[in-house]
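Work through the exercises below with the model open. Try each task before reading its solution.

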Amino acid sequence: MKRKILATLLSAFMAASLFTGCGSSSSGTTSADGVEEITFMFWDDLNATEDLISLGYKDTIDRFNKDYEGKYHVNVVTTNLEEYYTKLNAEIQGGKAPDVFICSPGPQLSDYVIPGGCAPADGLCMNLDEYLAQDGWKDTFTSDAVFSQQTYDGSVYAIPLNTAAACCFYNTEMFEAAGAKVPTNWDEMLDACEKLEAAGYTPVTVSGGTAWCLSMIAGYLCESEGVDLAALADGTASWEDGKLESACNKLLELSKYFQPTAVGDTNDVATANFYNEEAAILIQGSWAIGQINGSAPEFESKCGVFQFPGVDRIIAKSDSLCVSKDTASPEACVALLKYFTDDTAQKYTAEVGGKIPVTNVEYDASKAPAQLSYVMDVFSNAKGTFGFYNESMPTTETGAYFDDEMVAVFLGDKTPAEAAADMEAYYNENCRQ
């Protein structure tokens, strides 16, 4: 069966540290034999990874290098996700900005687009409007909505690669053995965890050592309590109104069911705990499908997905590619971006990687991971989307501060009330005029 992602679907749902003084750079070189060499910076080791999405990116680059042999060539610079932005910023500071680099939407992307962040005086990222208008490239995308988080002052500065949602993955066999049902509200979530624990299973695996993982869960809990980030930013709401405190108390309730090693486990370890069947629930983005199925393909048949309970909206995001405006090879860079969004790459995104394509490509749903159809069901039943909390605040520093506060609460270093007071003080000092 062929399945097409319609524009109406994504239109409905898609509507690190901060460095200053970063220098401009001129990247891209031409080799002695006339080949234009460009660099691509990514947050995974493409030669060592088992992640299916990352392997798809490797295939795209290999295909590009083969097709453009003698004209263009991409050299890949890789690191891990935890160190990615620090190393990217160091390259920029050293005047060696990569020609093409991956970036998360929100304040992190803004740092490279808007002067005054990590961008030089006139910005770092290339305006892509002219290229999108050529040969109907923009018409291949599902709708303008997929560019909502990559658009500044009406212009597009990054290309989305896919759409993913933060969901709850669960081991269907463990749930059945424990007599637990898929939860639809918070009380049912705690009840399911209680039943799983009583049956001898670790209910939830999460990385307490990776701040954004806790922040993602806290974001959902803040959503369930009615936290309004826009009102907090303009000062019409206060972090001390009880909503964040209540969300933090729920986080502590849930943390009683985390694996004993959560404090020290990395995100990769926490995810491995799930597909190695050492825990029943993994709260993670649908990008984990590629990691789960790449590492343990036999686990796909027992991997279910449900929406985070007690909320109407879901957290959604898109990986994005940027081009340095100072590249010496803009045509080569744009040609690479087009390869990442062509039918071959986008079909792979769905049929192998399990992410939602951003183009009008048709894909064979029977070949796609089973989890993708579950995620699509979550999208269709949700009333909208919102971004990661740490990517939805005024600056990357603000998001990082929120992450650290959530980790402090989890570790018991601060009470929920203290975290709320800290957030209010931080906003008053740094985010409100």
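**Exercise 1: H16 and H17**

H16 crosses H17 with right-handed geometry. The model is a predicted one. Task: find the angle between the axes of H16 and H17, and decide how the two helices are oriented.

Solution.
- Step 1. Locate the helices: H16 covers residues 396–411 and H17 covers residues 416–430.
- Step 2. Take the axes. They come within 9 Å and cross at roughly 165°.
- Step 3. Apply the cut-off: angles over 145 degrees count as roughly antiparallel. H16 is therefore roughly antiparallel to H17.
- Step 4. List the contact. From H16 come Glu397, Thr398, Tyr401, Phe402, Glu405 and Val409. They meet Pro416, Glu418, Ala419, Asp422, Met423, Tyr426 and Tyr427 of H17.
- Step 5. Sort this contact by class: 8 residues are nonpolar, 1 is polar and 4 are charged.

**Exercise 2: H8 and H10**

Task: classify the packing of H8 against H10, and name the residues that meet.

Solution.
- Step 1. H8 spans residues 211–224, and H10 spans residues 243–255.
- Step 2. Their axes approach within 8 Å, with a crossing angle of roughly 125°.
- Step 3. An angle outside the parallel, antiparallel and perpendicular ranges counts as oblique. H8 and H10 are therefore oblique to each other.
- Step 4. The handedness of the crossing of H8 with H10 is right-handed.
- Step 5. On the H8 side, the contact uses Leu214, Ile217, Leu221, Cys222 and Ser224. The H10 side offers Leu244, Ala247, Lys250, Leu251 and Leu254.
- Step 6. The class count for the contact of H8 with H10 is 8 nonpolar, 1 polar and 1 charged.

**Exercise 3: alanine 211**

Task: place alanine 211 in its helix and find which residues it touches, leaving out those up to four places away in sequence.

Solution.
- Step 1. Alanine 211 belongs to helix H8.
- Step 2. With sequence neighbours up to four places away excluded, alanine 211 touches Asp403 and Val407.
- Step 3. Now check asparagine 267, which lies 56 residues from alanine 211 along the chain. Their C-alpha atoms are 9.6 Å apart.

**Exercise 4: H2, H14 and the largest cavity**

Task: describe how H2 packs on H14, then say which residues line the largest cavity.

Solution.
- Step 1. The axes of H2 and H14 are 10 Å apart, at an angle of about 165°. This makes H2 roughly antiparallel to H14.
- Step 2. H2 passes H14 in a right-handed crossing.
- Step 3. Leu52, Ile53, Leu55, Gly56, Asp59, Thr60 and Arg63 of H2 meet Thr344, Ala345, Tyr348 and Thr349 of H14. This contact holds 5 nonpolar, 4 polar and 2 charged residues.
- Step 4. Turn to the largest cavity, with a volume of about 80 Å³. Its lining consists of Ile53, Gly56, Tyr57, Thr60, Leu161, Asn162, Phe340, Ala345, Gln346, Tyr348 and Thr349.
- Step 5. Assign the lining to helices: H2 (52–67) and H14 (343–351) each supply at least two of its residues.
- Step 6. Sort the lining of the largest cavity by class: 6 nonpolar, 5 polar and no charged residues.

How values were computed
Residues numbered from 1 in each chain as written. Predicted model: local features only at pLDDT ≥ 70, side-chain atom pairs only at ≥ 80, totals over all residues. Heavy atoms only, no water. 1 Å grid on protein atoms, 1.4 Å probe; cavity = no way out; pocket = protein on both sides within 12 Å on 5 of 7 lines; lining within 4 Å. Points joined across faces, edges and corners; volume = space filled by probe spheres on them. Nonpolar A, V, L, I, M, F, W, Y, C, P; charged D, E, K, R; others polar. Axes fitted to C-alpha atoms, helices over the stretch in contact; angles between N-to-C directions. Parallel < 35°, antiparallel > 145°, perpendicular 65-115°, else oblique. Left-handed = near helix turned anticlockwise from the far one by under 90°. Contact = heavy atoms within 4.5 Å.
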